[in-house]
Amino acid sequence: MSNETSTNHLNPLIGVDVPRLEKEMERYQQILDDHADHAYRVAEEARQLGLDPKPFVEIPRANDLASRTEKLLIEHLDSYPVADDIRALLAEHDRETTSIMMAQRVAKGFREKGYDMVKSIDVGLRVGLAILTEAVLVAPLEGISEVRLLNNVDGSPFVSVHFAGPIRAAGGTAQALAVLIADMIRRELNVGPYIPSDGEVERVKEEFGLYRGNLQYRPSPAEIDEIVRACPVMINGESTESIECAGYGRVRNIDEARIRGGVLLVIGEGMCLKAPKIQKHTERLKVPGWDFISKFASKGKEDKGGSDKDAFKSRRVAPIDKFMKDIIAGRPIFGGPQQPGGFRLRYGRGRPSGLAAASLNPASMLVLDDFITIGTQMKIERPGKACAVTPSNDSEGPWVVLSSGQFLRIDESEHLRKIHGDIRSIWDNGEIVIGYGEFMENNKNLVPAGYTTDWWASDLIDALETEEDVNAFSEICKGLGQVPDGIPGAVDVQDGFAQFHVRRRWHRYLSKLTLSWDQASSVAERWRTALAPPHNPWFLDLPIEWVPALLDVLPNGIIEAQTDIDVEVNHPYQEDSWMRFKGAAKGWQASTMDKLQPETIPPLGHMETIGLDVKPEEPIFDDKLPEGWTFMQHGLLKGALLLLGVSHHHDGDDVVATCGWQAMIHGLGYSVKDGRLHQNVDLKSLVEQRIVELRNCNTVLRNESTRLEELKKQRAVVRIAAETEARQQGLGIAETDQVGQGAADSVEDTGPENAALYKTSLRIHDDHVVDGILPLIREISSLRWEHAAPQRVGCRMGRPEKSAPREMSPRSHMLFPIALEGGNQRLISNAAGKGSIRVQMGKRICSICGKDSPFIQCHHRVVDDAGIPKVGETCGGRTDMKEATGNSRRRGEMQSVPLESIIEDAQLRIGM
Ligand SMILES: [Zn+2]
């Protein structure tokens, strides 16, 4: 995050042993190849037995996309070579472009070789689709059932592509691009465009209306009209549903009255949803006739108001509450969306962590009553979905408040065990360590994390540029062990590899250091690093309403030397000097922490003070005091120390801050000189000024929202009146709606009273939510400050037991079609009891006896000399598939299967 960057640090290969990794990769590839060879050998042997539909392994082996495409389409290509061309094109273009170019090239090639138009278009289209889908799906084979040349009303031919169910696997982009490819091919081959009749358009609308299946997007009738009329290729298909269209069942160019699922899929999920992707290609390739797609492509964008460049853009990271859905009684929630107290986000990956996993300090697991343990599944706010929990003791543990009032962080699970019974409140869950790759994998933007020691170490290794820097650093940090060798920030280094390791050693050393306030502030002053924990209070959590009162009581603090205190466990780091606030714990009771926060926080005037007799300012944006419950439980001073994460304990009625307090007072404009507090800057006037500014801003925002509310009401009144009148005139629903909308729009929205002021107010409010009081601290402090905890990750315990293995009971060993002959339990014994059943199966002919049999091995019984079939002895001859009659792709035919005798034979064969 440093501004200075020298080139050698940024080379991602520095520090990576490339030759070794390459060798490992080769070895790995070799293992894969060997095992694949072995698997093929076994499979070929098994297939030789003739027990499968094909006596050889159908899946061809190929090294790359090009040869895969060639092998996948082997039956369509008639040994026309495509692999070399694909390879050459892929070297220069991306996959989508290659698929379009290749499709045209193959179609043209086929035409030149004398194939008919339909075959040429068909093959070209399949090649294009195969390249699009990386030739690993059946979509190019079975997703397109056929291509036809049909005729428009005027007799001119056009291309009709018939999509079938398996096109679904190809995904929306490939579906839509298949249509574009078909269009590119027909242009190449000079076939005219499709001009649908009204009936053909209405038919698609009717199908969308009747279809009950799942579609990601259902276009409106107007959209369907537009797409079907404008698309230069007919999107056609086989009937897949049992529902028939009543109004437009019999339409020219469409075979059957039943709904065509493939058509709906390609139009809805392909053409509509992937319009931006098609548009990219149609614009680049300048394909005429595809202007209609731009309307769909820009559709989503307009809705978001993207047209107004001056529109207010919030800096806020929106809370996500999706993970809170379906919460279960008895399973805890560890933090609401972005709620302080929940886990603080830290980027990184613990060693035992893996994909979709996050890490927590073991003490955090323990403190949450063991609900979380290694492997527990948690639903998390960011990056979303769920994660498995793994331990990481490099991360910070939880902050707790004990019955004695002591407030501390616990990083060691042994320490936690000692005081477990004493914990009255878990103030903060500690850190959650999430790899940045988890965000990438889930396609989510990164969100800011706090300034931790990792970030500090990264800043510092860049800053330690010279020998002198390193010496100065080890002088400042005397007594913290030997600093590593080398100069981590050196710019002109010969050996980048060695330097990588120098930097790595330094980073490890630094990220585990805990500096005293004096050391930390000296480092921060000299090298412009910000302050890392424990000297980085959670300033964002302290509401600005609290600050004036805190500034009032701060000068009463008495600085004293560290002494022995009678506590079981100490905060992980203690400063040499402490700060005592006399009487700040007077009247404080631990039992208030056992109570639940009341539904409504009383107004400030009705609240009792605890400890010092000071109160925060009246709330600015809310009706209730921010952190009001904290104030009611702990009073202002202790409350502020808790909110900022400043460790402390009670001594009688006094509160004694032990660590982090120097950073707090520094941020608030004070420093320690000769054992006394010294005010450097008067922050209070700045804060009061800011509060006035925020109150003004709130007035503007409230006025505007009242005005909008008023406008809405007015419009509703006018609308109802207009609609009532329209209805009395006997207008239809759509017309009434239109009249109502028109009337509502006639009430003019004059905009905010002062548009510029309103916008400024929005910005001020937004900044306040994002940064809190930190900008004021940055203004008065000579040090650099970064947020300590800008993002909390809400999470709850998941229900991993729901994902048990799915088992069939009883387990099945085979599948056999018995249609409905098995009764409602589908029992094969019931079906067998009927002797012979009629079911749809493939037609095959025995190579020995020549009879029909649906099996791979002939099931007919051998006949003895007297002509009587022998029970238990079957012909067993290999059967072959009968040539399909008609052009249906369905291979099954209704036939009688003597199930009873087949089962009898089978039982005898296995000795039952
Ligand atoms: Zn036979």
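1. A word on terms to start: a residue counts as exposed when its relative accessible area is over 50%, and as buried when that area is under 20%. Please also keep in mind that this is a predicted model.

2. With that cut-off in hand, K113 is easy to place. Its relative accessible area is 56%, so K113 is exposed. The residue sits in a loop, with helix 6 (95–112) on one side and helix 7 (117–132) on the other.

3. One pair may be handy when you look around that loop. Y80 and K113 are separated by 33 residues in sequence, while their C-alpha atoms are 9.8 Å apart in space.

4. Now for the whole protein. Its secondary structure consists of 31 helices and 26 strands. For 912 residues the globule rule gives 29 Å, but the radius of gyration is 37 Å, well over that value, so the protein is more spread out than a compact globule. The C-alpha trace spans about 115 × 80 × 65 Å along the principal axes.

5. On burial and contacts: 46% of the 912 residues are buried. If you take the contacts between residues at least 6 apart in sequence, 70% of them join residues at least 24 apart.

6. Lastly, surface and charge. The accessible surface of the protein is about 47700 Å², and carbon and sulfur atoms account for 51% of it. There are 132 negative and 109 positive side chains, and the centres of these two sets lie 5 Å apart.

Note on methods: Residues numbered from 1 in each chain as written. Heavy atoms only, no water. Helix = DSSP H or I, 4+ residues; strand = E, 2+ residues; numbered from the N terminus. Rg over C-alpha atoms; globule rule 2.2 N^0.38 Å. Buried < 20%, exposed > 50% of the residue type's maximum accessible area, 1.4 Å probe, protein only. Contact = heavy atoms within 4.5 Å. Areas by Shrake-Rupley, 256 points an atom, 1.4 Å probe, with all protein chains shown as cover. Lys, Arg positive; Asp, Glu negative; His and termini not counted. Charge placed at Lys NZ, Arg CZ, Asp CG, Glu CD.
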